[in-house]
Amino acid sequence: MKSTFSVLFYIRKNEVRKDGKCGIMVRITVDGEIKQFSSKLDVDPEQWDTPKGKVAGKTQEVILTNKALDGIKAAIISHYKVLCQ
């Protein structure tokens, strides 16, 4: 039996902090069941690229944030593959 699985990153635009940044959230969907949690990463809402689910730009902070998001996604996919076996 094959299941559906996806990992999505999004920001909470309705909860902007005093420093002007929003938290990046992670949403995991397996067979229509959704679980979400904070990635503990922050981003300026103006820099967030919604379709890509990443931060847009070329600064060192942006590169580090995107690498951290890639690491989170890779870890989630790895755990999912282990659970499926």
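In the predicted model, arginine 27 is placed over the face of tyrosine 10, at 4.6 Å from the centre of the ring. The arrangement counts as a charge over a ring because CZ of the arginine is required to be within 6 Å of the ring centre and within 35 degrees of the ring normal.

The sheet is open and consists of 3 strands, arranged in the order E1-E2-E3 with antiparallel pairing. Strands E1 and E3 occupy the edges; each has a single partner strand, so one side of each lacks a neighbour in the sheet. From one strand to the next, the twist averages 20°. Helix H1 packs on this sheet and touches E1, E2 and E3. The direction of H1 makes about 155° with that of E1. Between E1 and E2, the antiparallel pairing extends over 7 bridges. Within this pairing, phenylalanine 9 stands opposite valine 26 of E2.

A pair of aromatic rings is described by the distance between the centres and by the angle of the planes. The count of aromatic pairs comes to 1. This pair is formed by phenylalanine 5 and tyrosine 80, whose ring centres are 3.9 Å apart and whose planes lie at 10°. The pair is classed as stacked because planes under 30 degrees apart meet that description. Distant parts of the chain are linked by the pair: phenylalanine 5 belongs to strand E1 (residues 5-11) and tyrosine 80 to helix H1 (residues 60-84), with the two positions 75 residues apart in numbering. Phenylalanine 5 is partly exposed, at a relative accessible area of 26%, whereas tyrosine 80 is buried, at 17%. The two residues are classed in this way because buried means under 20% relative accessible area and partly exposed lies between that limit and 50%.

Positive phi values were computed for aspartate 31 and lysine 40, neither of which is a glycine. For aspartate 31, phi is near 50°. Aspartate 31 is located in the loop that runs between strand E2 (22-30) and strand E3 (33-43), and its relative accessibility of 47% makes it partly exposed. For lysine 40, phi is about 65°. Lysine 40 is located in strand E3, and a relative accessibility of 73% makes lysine 40 exposed. Strand E3, which holds lysine 40, is one of the edge strands of the sheet.

How values were computed
Residues numbered from 1 in each chain as written. Predicted model: local features only at pLDDT ≥ 70, side-chain atom pairs only at ≥ 80, totals over all residues. Heavy atoms only, no water. Helix = DSSP H or I, 4+ residues; strand = E, 2+ residues; numbered from the N terminus. Buried < 20%, exposed > 50% of the residue type's maximum accessible area, 1.4 Å probe, protein only. Phe/Tyr/Trp six-rings, centres within 6.5 Å; stacked < 30°, edge-to-face > 60°. Pairing = 2+ DSSP bridges. Axes fitted to C-alpha atoms, helices over the stretch in contact; angles between N-to-C directions. Contact = heavy atoms within 4.5 Å.
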